[in-house]
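Welcome, and please open your viewer. Could you walk me through this fold, stop by stop, selecting as we go? Here is the tour.

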Amino acid sequence: MIFEPFAPFLPSEYRIKFATEAWEREGAARLRRKVFCEEQGIFADDDRDDIDDIAIPLVAISLWGVAADDVVGTVRIHEAQPGIWWGSRLAVEAGHRRVGALGATLIRLAVSSAHARGAKTFLAHVQSQNALLFQKLHWDAVAAVDLHGHPHLRMQADLTHYPPCFTPEIGFQALPSRKAA
């Protein structure tokens, strides 16, 4: 009898929210190290910086039924000056990148929650290969920059496409569409 290999199991639901629990913050830090240090080699041992002291981490949590399972995506936001917010360190676990909604929903909650907190401008340094995703989500390229030896674009969100979210601790549910593997 010949058996076809099983495709890896991926949850059918995710919760995108502010990291409110210690395990969520630890999972976000672990995922960032995995993506930015191990996979991409942008940082040697850890990607933490001074912004982490003031940033609000957001997480994408995989759900098994109604139970939270693991942090599979993250981004952080912070207010650099009154009304000027930044998003940074967007990361999705490799096995969940084919789930179409995670990165986009993290971006949506990041901008919408900052908008609710008074953002007049929301910016991010986006790795060049990810610029198309941001453009589809109503972001404009402002300038090309080199960060940590890698090409990035400074991009700005069009806040008119991001209504304020006043409940980021609850966040958004993501019912993903599956991309081809």
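## Starting in the core

Select Ile16, Leu58, Ile77, Leu102, Val111, Phe122 and Trp139: within the largest nonpolar core, which has 36 residues, these have the most contacts. Now colour helix H2, residues 102-116, which gives the most to this core, with seven residues. Apart from this core lies another one, of seven residues, including Phe36, Cys37, Ile42 and Ala91. Keep in mind along the way that you are looking at a predicted model.

## The sheet

Next, switch to a cartoon view and show the strands. Eight of them form an open sheet with mixed pairing, in the order E6-E7-E5-E4-E3-E2-E1-E8. Which strands stand at the edges? They are E6 (139-147) and E8, and each has a single partner strand, so one side of each is left without a neighbour in the sheet. On average, neighbouring strands of this sheet are turned by 25 degrees against each other, direction ignored.

Zoom in on E1, residues 13-18. On one hand, E1 pairs with E2 (residues 56-64) in the antiparallel sense over six bridges, and there arginine 15 stands opposite isoleucine 61. On the other, E1 pairs with E8 (residues 172-174), also antiparallel, over three bridges. Isoleucine 16 is the residue to pick here, standing opposite phenylalanine 172 in E8.

Move on to E4 (residues 84-92) and E5 (residues 121-127), where the pairing is parallel and runs over four bridges. Pick tryptophan 86 to find its bridge partner in E5, leucine 123. Then bring in helix H1, residues 22-39, which packs on the sheet and touches E1, E2, E3 (67-81), E4 and E5. The direction of H1 makes about 80 degrees with that of E3.

## Two buried polar contacts

Select tyrosine 14, which lies in strand E1. Is this residue buried or exposed? Tyrosine 14 is buried, with a relative accessible area of 0%. Its side chain makes a polar contact with the side chain of histidine 96, at 3.0 Å. For a distance label, try tyrosine 14 to threonine 105: they are 91 residues apart in sequence and 10.0 Å apart in space, C-alpha to C-alpha.

Now go to aspartate 47, in the loop between H1 and E2. Aspartate 47 is buried too, with a relative accessible area of 2%. Draw a line from its side chain to the side chain of arginine 32, and you have a polar contact of 2.7 Å. Leaving aside neighbours within four places in sequence, aspartate 47 is in contact with Arg32, Arg33, Phe36, Cys37, Asp52 and Arg89.

## The aromatic cluster

For the last stop, show Phe122, Phe134 and Trp139 as sticks; they form one aromatic cluster. The structure holds two aromatic pairs. In one of them, the rings of phenylalanine 122 and tryptophan 139 have centres 5.8 Å apart and planes at 90 degrees, so the pair is edge-to-face. This pair links distant parts of the chain, with phenylalanine 122 in strand E5 and tryptophan 139 in strand E6, 17 residues apart. Phenylalanine 134 and tryptophan 139 also form an edge-to-face pair, with 5.0 Å from centre to centre and 90 degrees between the planes.

Finish by selecting what surrounds phenylalanine 122, which is buried with a relative accessible area of 2%. Not counting residues up to four places away in sequence, phenylalanine 122 touches residues including Ile77, Trp85, Val111, Met155 and Leu159.

How values were computed. Residues numbered from 1 in each chain as written. Predicted model: local features only at pLDDT ≥ 70, side-chain atom pairs only at ≥ 80, totals over all residues. Heavy atoms only, no water. Pairing = 2+ DSSP bridges. Helix = DSSP H or I, 4+ residues; strand = E, 2+ residues; numbered from the N terminus. Axes fitted to C-alpha atoms, helices over the stretch in contact; angles between N-to-C directions. Contact = heavy atoms within 4.5 Å. Core = buried A, V, L, I, M, F, W, Y, C linked by side-chain atoms within 4.5 Å. Buried < 20%, exposed > 50% of the residue type's maximum accessible area, 1.4 Å probe, protein only. Polar contact = N/O pair within 3.5 Å; in protein donor to acceptor, adjacent residues only side chain to side chain. Phe/Tyr/Trp six-rings, centres within 6.5 Å; stacked < 30°, edge-to-face > 60°.
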